[in-house]
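Visitor: Please walk me through this structure, one question at a time. I'm happy to hear the cut-offs as we go.

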Amino acid sequence: MSTAEALDLVHQLADLGVREVTLIGGEFYLRDDWDQIAAEIARRGMLCSIVTGARQMTDERVRRAAAAGVGKISLSIDGLERTHDEIRGSAGSWRAAVSAGRRISASGIDLAVNTQMNRLTMPELPGVADLLVDIGARSWMVILTAAMGRAADRPKLMLQPYHLLYLFPLLAVIKKEQLDPNGIAFFPGNNVGYFGPLAETLRYGADRGHVWSGCGAGVSSLGIEADGNVKGCPSLPSSDYVRGNIRERSLRDISANLARERVEAPVELWGFCKTCPFAERCRGGCTWTSHVLFGRPGNNPFCHSRALALAEAGFVEKLEPVSAAPGKPFDFGRYQIVETPLGPDLEADPVIGLTLASQAFGLRPDAVGLWSRQDLSDTLDAAVTVAAGGREQRPR
């Protein structure tokens with residue numbers, strides 16, 4: 001989009017009653033006019049926020065953001081230093097993000113942090129929480145790494161559904177002991193849920209009666225790409241979810257069609273989600289997470305209450321790759337769900353073992369990571385191996 005098109009889009013967003021506009025990338029500063037756009041967002045009465053990896057979040061860019069009226073900047077910090085740098089494939093990126101965080105916090109702009117939760121970062125989450133306190137973060141969003149993009153070809157990077165049995169209690173302890181005492185707001189992403197015993201503790205606003213009510217794509221959120229394509233959520237695969245382009249139709253028209261689609265063509269639930277007692281309210285959880293696993297929404301194995309119900313019945317679910325991603329933007333492969341007996345060997349899983357150890361003994365303030373470089377390489381270099389055998393959970 002040109003500058004004129006971007007500014008017109010800002011006006012359309014304001015006219016729709018949008019309250020917050022987030023500039024993401026790539027990196028937002030690859031556009032020379034980013035602060036002009038940000039200033040117009042603020043002028044029209046909307047919160048302008050930015051999400052950045054912060055590799056080049058210089059003093060000058062922080063000053064420009066403050067002058068433009070940017071209200072919040074969220075940094076991506078995925079684990080401790082060694083883990084973050086290996087995941088991002090860029091040595092020094094963790095230190096750059098931490099330095100940027102201190103600059104942002106000192107500027108008066110609210111500092112937020114977002115973190116991917118996967119097999120490498122899960123045991124290090126208490127250390128990340130300590131870092132948030134140190135750099136002056138005001139809020140923390142955590143999101144499960146989904147099987148799209150780089151993670152699509154690295155099944156060893158993603159958590160398995162049974163890891164949620166240990167992840168959710170860990171998050172509850174972190175919130176109570178590290179975040180709440182330091183005034184740091186906790187925001188679980190939309191693929192972190194949904195109706196387990198810790199939902200009220202973890203979900204923002206749950207103590208005031210706010211509960212998960214299904215994927216908000218196209219209703220409470222919109223994703224607009226650099227070329228003007230519009231979808232209900234920026235994370236959704238473009239090939240399946242783009243519903244129009246602002247160069248051809250008004251944003252109001254596209255938005256109305258998205259909202260109408262949710263009513264007239266609701267997600268068809270299948271598998272466990274179809275039989276779940278929360279099915280009507282939850283509607284299969286996060287559309288993005290399910291679609292990039294199975295090529296369709298409506299059955300989401302990343303659910304705490306589901307993992308608990310299956311464990312009570314003596315089972316756990318595991319995801320196994322069926323086909324590799326084709327290598328295109330926003331791409332994804334295919335996975336299948338395999339149910340296996342819940343055995344005493346679960347805590348032999350190194351992710352669970354390290355998580356329990358980090359909870360019990362804490363992390364040194366100078367720790368750079370819990371994983372060896374070989375562990376990181378083995379996880380991140382792993383190619384997709386198509387599953388054979390096992391019992392696939394099919395639609396029912």
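Guide: Let's settle one term: helices (H or I, at least four residues) and strands (E, at least two) are DSSP runs, numbered from the N terminus. The model is a predicted one, so local features need pLDDT of at least 70 and side-chain atom pairs count only at pLDDT 80 or more, while totals for chains, interfaces and linings use all residues. Residues are numbered from 1 along each chain as its sequence is written, and side-chain values use heavy atoms, with hydrogens and water left out.

Visitor: Where is Tyr-194 found?

Guide: Tyr-194 is one half of a cis peptide bond, the other half being Gly-193, and omega there is about 10 degrees. As for its place, Tyr-194 is in the loop between β6 (185-188) and α8 (199-202).

Visitor: And β6 itself: what is the bridge partner of Ser-139 there?

Guide: Two strands count as paired if DSSP finds at least two bridges between them. Strand β5 (residues 139-144) and β6 have four, and they run in the parallel sense. Within that pairing, Ser-139 is bridged to Ala-185.

Visitor: Which side chains of β6 point to one face and are buried?

Guide: Buried means under 20% relative accessible area, exposed means over 50%, and partly exposed is in between (1.4 Å probe, protein chains only). The side chains of β6 alternate: Ala-185 and Phe-187 point to one face and are not buried, while the other face takes the buried Phe-186 and Pro-188.

Visitor: Which strands stand at the edges of the open sheet, each with a single partner strand?

Guide: The sheet has three strands in the order β7-β8-β9, with antiparallel pairing. The strands that have just one partner, so that one side of each is left without a neighbour in the sheet, are β7 (223-224) and β9 (244-245).

Visitor: What stands opposite Val-230 in β9?

Guide: Strand β8 (residues 229-231) is joined to β9 by two bridges, and the two run antiparallel. Helix α10 (residues 251-264) lies across β7, β8 and β9, at about 30 degrees to β8. Back in the sheet, the residue facing Val-230 is Gly-244.

Visitor: On to α3. Which of its residues are buried?

Guide: Helix α3 covers residues 59-68, and on the other side from its buried residues, Arg-63 and Ala-67 are exposed. The buried residues fall within an arc of 130 degrees seen down the axis, so they line one face of the helix; the arc is that of the directions from the helix axis to the C-beta atoms. They are Val-62, Ala-65 and Ala-68.

Visitor: What do those buried residues of α3 pack against?

Guide: Contact means heavy atoms within 4.5 Å. Take Ala-68, with a relative accessible area of 9%: leaving out residues up to four places away in sequence, Ala-68 touches Asp-35, Ala-38, Ala-39 and Ala-42. For the buried residues of α3 together, the partners are α2 (34-43), β3 (72-76) and α5 (93-107).

Visitor: How do α4 and α5 lie, roughly parallel or roughly perpendicular to each other?

Guide: Axes are lines fitted to C-alpha atoms, for helices over the stretch in contact, and angles run from 0 to 180 degrees between N-to-C directions. Helix α4 (residues 81-88) packs on α5 at about 110 degrees, with the axes 7 Å apart. Angles under 35 degrees count as roughly parallel, over 145 as roughly antiparallel, 65 to 115 as roughly perpendicular and the rest as oblique. The pair is therefore roughly perpendicular.

Visitor: How many disulfides does the count come to?

Guide: A disulfide here is a pair of cysteine sulfur atoms within 2.5 Å. Cys-276 is in none, as the nearest cysteine sulfur, that of Cys-303, is 6.2 Å away. Cys-286 is in none either, with the nearest cysteine sulfur, that of Cys-215, 5.9 Å away. The count is zero.

Visitor: Buried or exposed: how does Ala-54 count?

Guide: Ala-54 lies in the loop between β2 (47-52) and α3. Although not a glycine, Ala-54 has a positive phi of about 70 degrees. With a relative accessible area of 1%, Ala-54 is buried.

Visitor: What relative accessible area does Arg-283 have?

Guide: Arg-283 also has a positive phi without being a glycine, about 55 degrees, and is found in the loop between α12 (279-282) and α13 (287-294). Arg-283 counts as partly exposed, its relative accessible area being 28%.
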